[in-house]
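I set out to record the aromatic contacts of this model. The entries follow in the order in which I looked things up.

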Amino acid sequence: MDMSNKSEDMVVLGEVVGKLIPRCTDPTISVRNEAIMAIQAMLRIHLVYTDIPVDTADKMVDALPILKERLQKSDASVLFNAVNDLAKVIAKKFPTGAQLTSLVDALIEGLADSQALCSNGACVVLNGVVKLRGAEFSHQVDDLLAKLHARLYYIKYEQTRTGALRCVKFLSDHHLDTLMQCLLSYSLPYDESVVEFWKILAKNPSSADRVIETFLEMLKQSMPYEEKTSSADKKTSEKVATLQPLSIVMALKYMLEVPEVKETVGKYYHHLFGALVLKVGSYHEVRLPTLAEPPTRKISTDKKSKTPSKPKPGKAVNIVPSVLCVETLKTFFEIADNENICRVLEEQKVWIKLQSTSDYVCGIESLASLRSFLSTLYDTDRIVVAALFGQLIKDKCGGDLTLVDTLVGSLMGRLVDSCLEVRRLCVRGLGNIGDTGTEMVQKYSTTILSAMMSGMDDRDDIDNLVTTEAMSGLSKILLSINESHIRPILINIALKIRPCFEKSESSVRAAAFKLFGNLAKFGNGPSAMPFLEQIISNLTSILLHLNDHETGVVLACKHTLRLVGPLLNSEGTNGMFQKYMIDSAQLHYGEFINDLCKSLVIDFKEHIPNFITSIITAFKSPWPEIRSNAAIFLGFLMNALPDSAHSLVNHGHISSALLALLGDPDFKVRSKAAEAMSLLSNY
């Protein structure tokens, strides 16, 4: 046999095996038998082509005749399991590259087989191959999706169609981001198959989370329309929609129709609501571009392939952007189980108003009229309205700032609500005043500060949910608030957030550190000395958590050190903070602390005993990372202390604390404690 062109010759492996697979479930039993034996023969030939001797055993290929016996059964479940096992063999033994691609192409073609059993068999193997080998299609996602999309129109059997849609789910497990971009490139309005693709992604919680999170980010960054010269009157301009954000809104509409997406909607409720309300407003008097349909994508295929060309979707001119956004918003409320609210919105014709250019602001005002639901007996109603009002404040009530008074008053009235989630959302909503601009912050400064301080004192807030929102809200408010409003309570705020530095929830720690850093804006003038005392008191905690196991906490500590550094009156310490506290840079913690301690013992000599006490207290931290940080911090600090200052510290107490740490259950902590002990040779 001439083997000189064996790699090229075996390209037919994929096409031949792909055409044989549907026959493995043919209604005629003898055809099934011949098909499975033919597949075994093809795989044996492939092994020979890969220079494996003919007499070499291959357990998986040799076991195929066993499947032949199972494929003779008429029971549907037995047949499915047999074909599923065949899929595993094919996925395991098939070569990569062109052969695998041609196999998948042939299987997609087999989805439209005239025999129901055969099309189902092709579908099962296709899903098995994509599930196990999908990672290898990173550069073929668009092509594979286009072929599948085209073939769906010719599938005769509902069971096969349902199974074929699952192929998209398996493909998304490997290439979700690429798949999203491919789906967004399809013409509007989406045809039935593309709608089903989006819905299959919505049914899977992990992909639904990722898709919606990505959509929200894309909507935030994209321009809803472009100003172009009117084709009818060259002297005027018109708003022409950009297609990507509109495609996202349409995709969201169909995804929100899937019951399984409800949990994801709850997770992103406020963000989704805000994004959709903004889109309703931004798409007023916006038209679609004349040529809304993108160029027909080319599907690379063999000349002999019977894969039909992709059917053309409906015309994009049928879409009214503002109407689509309102319909999506309505679907959003429905999936969130806001029946009572939906009923009121229907009665007040809010949906109609939101679609009208002249009545849009009236529609927003009608949303604000839902404040009566803040007094209902049902927690769910109060939660929804509190979330809605908070987002309306963040989005400046669609431009009608006179409504903010009403919303702020409504949320203030529920700060003592019996439901913790309502209180949390009220604090969040009031904190959103920080996003409305300096003028609004100054106007509501006293009210909002009172609300944030109240949120930090919530005694029933066991998990610090309200406290976290209050600290995040304060951080936003501080960026724009007048100094005279914050100075009287500056130290009080600093004292309130200090216990949060050691909370178990990383989001609480991050919010607390960030807020403390933002307070530095007011740490001068009459407040300089009192706030400097707070910085020094909290410095060891910030430095220990600079190497926290949570990235968000580390970034918050870097942020804070950059801001408080100039207030320390220490050129060396501040210089290190400004040089090394870079968010995108990896900090070598041990080296940094070693160098920093040399500056601390000079400029903060009188505070060294307090630093040491705070560090030793951290030996009892529940996190091994913090205990390790504390050990090495103490070692470097003691090593840097000049001989003349040794009398300031209790050597025996320090040694005892480190010896005790040598018995820590965590190896890294014991290692750092031993390293710290080695640095005490001068004592």
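Does Phe-516 count as buried or exposed? I looked up its relative accessibility, which is 0%, so Phe-516 counts as buried. I note here that the model is predicted.

Entry on the partner ring. I checked Phe-501 next and found 1% relative accessibility, so this residue also counts as buried, the limit being under 20%. I then examined the geometry of the two rings. The centres of Phe-501 and Phe-516 are 6.2 Å apart and the planes stand at 85 degrees, so I entered the pair as edge-to-face, a label that applies over 60 degrees. I located Phe-501 in the loop between α26 (490-497) and α27 (506-519), and Phe-516 in helix α27. The two residues are 15 apart, and their pair links distant parts of the chain.

Entry on the whole structure. I searched for aromatic pairs throughout and obtained nine. One of them joins Tyr-269 and Phe-332, with 4.9 Å from centre to centre and 45 degrees between the planes, and I recorded this pair as tilted. Tyr-269 belongs to helix α15 (residues 269-282) and Phe-332 to helix α16 (residues 321-335), so the pair ties together parts that lie 63 residues apart in sequence. I found both Tyr-269 and Phe-332 to be buried.

Entry on clustering. Which residues form one aromatic cluster with Tyr-269? I listed Phe-273, Phe-332 and Phe-333 as the other members.

Entry on a charge and a ring. I looked at Arg-509 and found its charged end over the ring of Trp-623, at 4.3 Å from the ring centre.

Note on methods. Residues numbered from 1 in each chain as written. Predicted model: local features only at pLDDT ≥ 70, side-chain atom pairs only at ≥ 80, totals over all residues. Heavy atoms only, no water. Phe/Tyr/Trp six-rings, centres within 6.5 Å; stacked < 30°, edge-to-face > 60°. Helix = DSSP H or I, 4+ residues; strand = E, 2+ residues; numbered from the N terminus. Buried < 20%, exposed > 50% of the residue type's maximum accessible area, 1.4 Å probe, protein only. Lys NZ or Arg CZ within 6 Å of the ring centre and 35° of its normal.
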